[in-house]
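This report looks at one protein chain, from its main pocket to the elements around that pocket. Please keep the sequence and the structure in view while reading.

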Amino acid sequence: MVLAGCATSPPNAVVVQDSGATASTTVPEIPVISPLPPVVPKVPPRVGLALGGGAARGFAHVGVIQVLEEAGIRPSLVAGTSAGSVVAAMYASGKTGTQLQHIAETMEEAAIADWTLPIFSRGMLRGEALARYVNGQVKSKLIEDMPLPLGIVATDLNTGLSVLFRRGDTGTAVRASSAVPAVFQPVKIGGKEYVDGGLVSPVPVRGARSMGAQVIVAVDISSPPEGSLTGGTLEILLQTFSIMGQSINALELNDADVVVRPALQGISSADFSARKRSIEAGRRAMLQALPQLRAAIAAKTK
């Protein structure tokens with residue numbers, strides 16, 4: 001058998017010619033097909049939730065979380081300061097927005113208040129009751145064992161630097177993060193004393209970023225002064241503390257992708273009776289911010 005080219009053969013064909021026959025057969029070439037490029041699934045960015053301090057105004061965080069759940073947006077991590085650390089710890093432990101609302105509506109102030117005589121201590125509240133309450137709600141899970149990565153911000157009383165707790169007893173870390181000077185006693189951990197994280201990080205945007213967040217939703221529940229105060233010493237202390245952190249807060253919020261500010265006018269930091277109004281304010285603010293958040297997620301999806 002002889003392979004030969006043939007002038008009358010169709011292009012791109014091989015002619016097979018048998019020397020003992022008069023017929024020839026044309027065999028078409030097999031086309032070369034380029035392989036399709038592999039399909040690479042798009043990876044959404046890590047969304048971090050930064051929950052700020054504001055005492056009783058912290059109930060607004062519950063409404064924010066509820067709207068995120070309803071929108072199908074599940075944060076990859078959560079960081080909290082002061083009141084935000086309380087909600088962050090419970091959320092990180094696996095509680096849903098509905099469960100958080102039930103806790104908020106049934107919580108008794110007495111469960112977190114352990115008053116002491118300031119003349120014998122450095123604060124009106126010891127804070128041990130708050131730590132026990134939080135540990136009860138999270139079933140004593142350590143920070144590092146939470147289903148959702150959790151960061152809790154406090155202030156080192158000696159150095160004035162912020163500390164992000166990522167390990168250890170959850171209730172103790174929350175107690176330290178919530179230890180408003182002159183209201184709660186400082187908390188001793190590992191030989192150091194800690195006070196409220198709001199002194200250096202009112203909304204823990206930097207903390208969430210250091211945990212690996214690529215899109216940060218910062219919930220700011222602080223408020224500017226609203227004329228004369230009608231409450232007592234506690235309200236004055238909390239208002240003073242809020243005023244001190246305003247400039248620091250503005251600076252840190254610049255690094256957030258989405259800033260959510262619930263409309264909490266008329267609700268003081270000491271007003272635990274307005275918890276339903278605060279939750280609803282959080283819902284409304286997050287609903288308004290959803291388009292901005294979706295756009296930020298889309299822009300950083302690879």
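## The largest pocket

The largest pocket holds about 610 Å³ of space. This value, like the others in this report, comes from a predicted model. The pocket has a lining of 31 residues. Ala 55, Ala 56, Met 107, Ile 112 and Phe 272 are the lining residues that lie nearest its centre.

Several elements supply at least two residues each to this lining: helix H2, helix H3 (97–106), helix H4 (128–137), strand S9 (182–184) and helix H7 (233–244). Which helix gives the most to the lining of the largest pocket? Helix H2 does, with 4 residues.

## Helix H2

Helix H2 covers residues 83–92, and 10 of its 10 residues are buried, so the helix is largely enclosed by the rest of the structure. Among these buried residues are Gly 84, Ser 85, Val 87, Met 90 and Tyr 91. An α-helix has 3.6 residues a turn, so residues three or four places apart point the same way. In H2, Ala 83, Val 86 and Val 87 are all buried, and so are Ala 88, Ala 89 and Ala 92.

After H2 comes Gly 94. The phi angle of Gly 94 is positive, near 115 degrees.

## Strand S5 and its partners

Strand S5 consists of residues 77–81, and 5 of its 5 residues are buried. Are the faces of S5 covered or exposed? Both are covered: Leu 77, Ala 79 and Thr 81 are buried on one side, and Val 78 and Gly 80 are buried on the other.

S5 pairs with two strands described here. Strand S4 (residues 47–51) runs parallel to S5, and 4 bridges join them; Leu 51 has Gly 80 as its bridge partner in S5. Between S4 and S5 the chain passes through helix H1 (residues 60–70), making a right-handed β-α-β crossover. Strand S7 (residues 150–156) also pairs with S5 in the parallel sense, over 4 bridges. Here the bridge partner of Ala 79 is Gly 151 in S7.

## His 61 in helix H1

Helix H1, which forms the crossover, contains His 61. The relative accessibility of His 61 is 0%, so this residue counts as buried; the cut-off for buried is under 20%.

Leaving out residues up to four places away in sequence, His 61 touches Leu 51, Gly 52, Gly 84, Val 87, Val 219 and Ile 221. Of these, Leu 51 has a bridge partner in S5, while Gly 84 and Val 87 are in H2.

## The annotated active site

An unreviewed UniProt entry places the feature "active site" at Ser 82 and Asp 196. Why can they be said to gather at one spot? They span 115 residues in sequence, yet no two of their C-alpha atoms are more than 6.1 Å apart, so they gather at one spot. Of these residues, Ser 82 is included in the lining of the largest pocket.

Ser 82 lies in the loop between S5 and H2. With a relative accessibility of 9%, Ser 82 counts as buried. Apart from its neighbours within four places in sequence, Ser 82 is in contact with Gly 53, Ser 177, Ser 178 and Asp 196. Asp 196 belongs to strand S11 (residues 192–196), and at 0% relative accessibility Asp 196 counts as buried.

Definitions and conventions:
Residues numbered from 1 in each chain as written. Predicted model: local features only at pLDDT ≥ 70, side-chain atom pairs only at ≥ 80, totals over all residues. Heavy atoms only, no water. Buried < 20%, exposed > 50% of the residue type's maximum accessible area, 1.4 Å probe, protein only. Pairing = 2+ DSSP bridges. Right-handed = clockwise from strand over helix to strand, strands pointing away. Contact = heavy atoms within 4.5 Å. UniProt positions renumbered as here; feature names shortened; annotations may be inferred. 1 Å grid on protein atoms, 1.4 Å probe; cavity = no way out; pocket = protein on both sides within 12 Å on 5 of 7 lines; lining within 4 Å. Points joined across faces, edges and corners; volume = space filled by probe spheres on them.
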